Amino acid sequence: MGEFGRLLIMSGVVLLIVGWVFLVFGRTNLPLGRLPGDLLYRGKNTVFYFPIASSILLSVLLSLVFYLIEKFRH
């Protein structure tokens, strides 16, 4: 039961950090979501948006962060 509690606390901390990062990036003029390679299709009655380049960049950054966390943990 103690491990589950730690997991919930760590999940909450991670969500707090992610929320803070979104708040900070929202105030800056970073082009995240508007990078070259992000698909945007505007039809007559529809809009389709798929941020491919932003997703790849976010994946690389998160992989680096998790790698560094794991490296310093051991």
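What follows is a chat between a biologist and a modeller about a predicted model of one protein chain.

Biologist: What does the secondary structure of the chain come to?
Modeller: In this predicted model, the secondary structure comes to 2 helices and 2 strands, and someone reading along the sequence meets them in the pattern α-β-β-α.

Biologist: How do the strands β1 and β2 pair, and over how many bridges?
Modeller: Strand β1, residues 39–42, pairs with strand β2, residues 47–50, in the antiparallel sense, and 4 bridges link the pair. The two strands form a hairpin, with 4 residues lying between β1 and β2.

Biologist: And which residue is the bridge partner of leucine 39?
Modeller: That is phenylalanine 50, which sits in β2.

Biologist: Switching to overall shape, what radius of gyration does the chain have?
Modeller: The chain has 17 Å, whereas a compact globule of 74 residues would have a radius of gyration near 11 Å. Taken along the principal axes, the C-alpha atoms fill a box of roughly 55 × 25 × 25 Å.

Biologist: How much of the chain is buried?
Modeller: Buried residues account for 5% of the 74 residues. As for the surface, the chain exposes about 7,000 Å², and carbon and sulfur atoms supply 73% of that area.

Biologist: What about aspartate 38, where does it lie, and is it buried or exposed?
Modeller: Aspartate 38 lies in the loop between α1, which spans 2–27, and β1, and this aspartate is buried.

Biologist: Which side chain of opposite charge is nearest to aspartate 38, and how far away is it?
Modeller: The nearest one belongs to arginine 34, at 7.9 Å, and aspartate 38 has no salt bridge. In general, side chains of opposite charge can pair when their charged atoms come close. A salt bridge needs a side-chain nitrogen of Lys or Arg within 4 Å of a carboxyl oxygen of Asp or Glu, so the 7.9 Å between aspartate 38 and arginine 34 does not meet that cut-off.

Biologist: Then which backbone nitrogens does the side chain of aspartate 38 reach?
Modeller: One of them is the backbone nitrogen of arginine 34, at 3.3 Å, and another is the backbone nitrogen of alanine 53, which lies 3.0 Å from a polar atom of the aspartate 38 side chain.

Biologist: How many salt bridges does a search of the whole structure find?
Modeller: The search finds 1 salt bridge, and it joins glutamate 3 to arginine 6, with their closest N and O atoms 3.2 Å apart. Because they are 3 residues apart in helix α1, about one helical turn separates glutamate 3 and arginine 6.

Biologist: Are glutamate 3 and arginine 6 buried or exposed?
Modeller: Glutamate 3 counts as exposed because its relative accessibility is 57%, and arginine 6 also counts as exposed, at 57% relative accessibility.

Biologist: Last one, where is leucine 58 found?
Modeller: Leucine 58 is found in helix α2, residues 52–73, and because its relative accessibility is 44%, leucine 58 counts as partly exposed. Leucine 32 is 26 residues from leucine 58 in sequence, while their C-alpha atoms are 9.1 Å apart in space.

Note on methods. Residues numbered from 1 in each chain as written. Predicted model: local features only at pLDDT ≥ 70, side-chain atom pairs only at ≥ 80, totals over all residues. Heavy atoms only, no water. Buried < 20%, exposed > 50% of the residue type's maximum accessible area, 1.4 Å probe, protein only. Pairing = 2+ DSSP bridges. Rg over C-alpha atoms; globule rule 2.2 N^0.38 Å. Areas by Shrake-Rupley, 256 points an atom, 1.4 Å probe, with all protein chains shown as cover. Lys, Arg positive; Asp, Glu negative; His and termini not counted. Polar contact = N/O pair within 3.5 Å; in protein donor to acceptor, adjacent residues only side chain to side chain.
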